[in-house]
Amino acid sequence: SAPAGAAVALPVTPLAPGARLAFGSLASPLQSLAIDNVFLRATAGTIDLKAQGDIALTGTTTLATPSYSQSFGDAADAVTVSAGGGTVSLLSKSGNIDLNASSKIAIGGATGKGGTLKLLASQGAVNLAGTIDATAPGKGANFILDSGLSSFDFASFVQNAGTDFSGNVAIRTGAGDLSLNAGQIIKLASL
């Protein structure tokens with residue numbers, strides 16, 4: 001963890017893909033979870049957070065599951081291994097999910113398709129004030145949101161990150177309507 005207001009040092013070398021970072025489980029969720037000024041990275045892998053109560057990403061916290069590409073061998077026999085963006089999943093069984101304005105979730109990368117972002121708070125609210133980055137050359141990122149007690153500004157989501165999410169999108173809210181502004185377009189595999 002970095003001191004409040006300090007920049008978070010990011011890894012500079014390729015990391016092996018497929019890691020899974022899990023905090024809590026369905027059978028044994030954490031009571032609540034607050035992550036402040038932390039950089040968690042699971043390259044082309046999974047970050048899975050489960051809590052009974054609130055989940056809060058504060059400060060400059062970044063959760064990243066970027067895509068992966070690495071070449072091996074010499075010029076005559078080069079082999080490239082690659083994988084698209086991974087999955088970030090936040091599940092609050094009875095509380096809220098809060099991404100403050102300085103936090104970031106990154107599921108894209110420099111190769112392949114974007115990954116999957118799941119924000120599930122069926123008995124709470126989801127606040128998406130932070131940055132969502134699903135940018136990938138193959139686009140195709142997936143988005144699942146269940147916000148049982150709050151609305152979701154679908155038009156702002158489409159304006160800020162919608163073009164990166166062209167895979168499967170599933171949204172359930174407990175309040176308000178899901179609508180686009182005049183002239184907005186989003187192309188998805190499924191909605």
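Colleague: What makes E1-E4-E9-E12-E15-E16 the strand order of an open sheet?

Modeller: The six strands pair in the parallel sense in just that order. Strands here are DSSP runs of E with at least two residues, helices are runs of H or I with at least four, and both are numbered from the N terminus. Two strands count as a pair if DSSP finds at least two bridges between them. The model is predicted, so local features need pLDDT of at least 70 and side-chain atom pairs need 80 or more, while totals for chains, interfaces and linings use all residues. Residues are numbered from 1 along each chain as its sequence is written, and side-chain values use heavy atoms, without hydrogens and water.

Colleague: Which are the edge strands?

Modeller: They are E1 (20-23) and E16 (169-173), since each pairs on one side only. From one strand to the next the twist averages 5°; the angles lie between N-to-C directions of lines fitted to C-alpha atoms (for helices, over the stretch in contact) and run from 0 to 180 degrees.

Colleague: How do you know that E4 and E9 are paired?

Modeller: DSSP finds six bridges between E4 (residues 46-51) and E9, which run parallel, and the pairing rule is thereby met. One of these partnerships links Ala-51 with Ser-92 in E9. On to E12 (residues 116-121): E9 is joined to E12 by five bridges, again parallel, and Ser-89 has Lys-118 of E12 as its bridge partner. E12 in turn pairs with E15 (residues 142-147) over six parallel bridges, with Leu-120 opposite Asp-146.

Colleague: Why is E9 called largely enclosed?

Modeller: Five of the six residues of E9 (residues 87-92) are buried, so the rest of the structure largely encloses this strand.

Colleague: And is Thr-116 buried or exposed?

Modeller: Buried means under 20% relative accessible area, exposed over 50%, and partly exposed in between (1.4 Å probe, protein chains only). Thr-116 has 14%, so this residue is buried. Thr-116 lies in E12.

Colleague: What makes the link between Thr-116 and Asn-142 a polar contact?

Modeller: Their side chains are joined at 3.1 Å. The rule asks for a pair of N or O atoms within 3.5 Å; within protein, one must be able to donate a hydrogen and the other to accept it, and residues adjacent in sequence count only through side-chain atoms on both sides. Thr-116 also touches Gly-86, Thr-87, Val-88 and Ile-107 (heavy atoms within 4.5 Å), leaving aside residues up to four places away in sequence.

Colleague: Which strands form the sheet of four?

Modeller: The order is E3-E6-E11-E14, an open sheet with parallel pairing. E3 (39-41) and E14 (131-133) are at the edges with a single partner strand each, so one side of each has no neighbour in the sheet. E11 (residues 104-106) and E14 pair over three parallel bridges, and Ile-105 has Ile-132 of E14 as its bridge partner.

Colleague: How do you know that E7 and E8 are paired, and what do they form?

Modeller: Five bridges join E7 (residues 68-72) to E8 (residues 79-83), and these strands run antiparallel. Ser-71 stands opposite Thr-80 in E8. They form a hairpin with six residues between them, and in the turn Gly-73 has a positive phi of about 90°.
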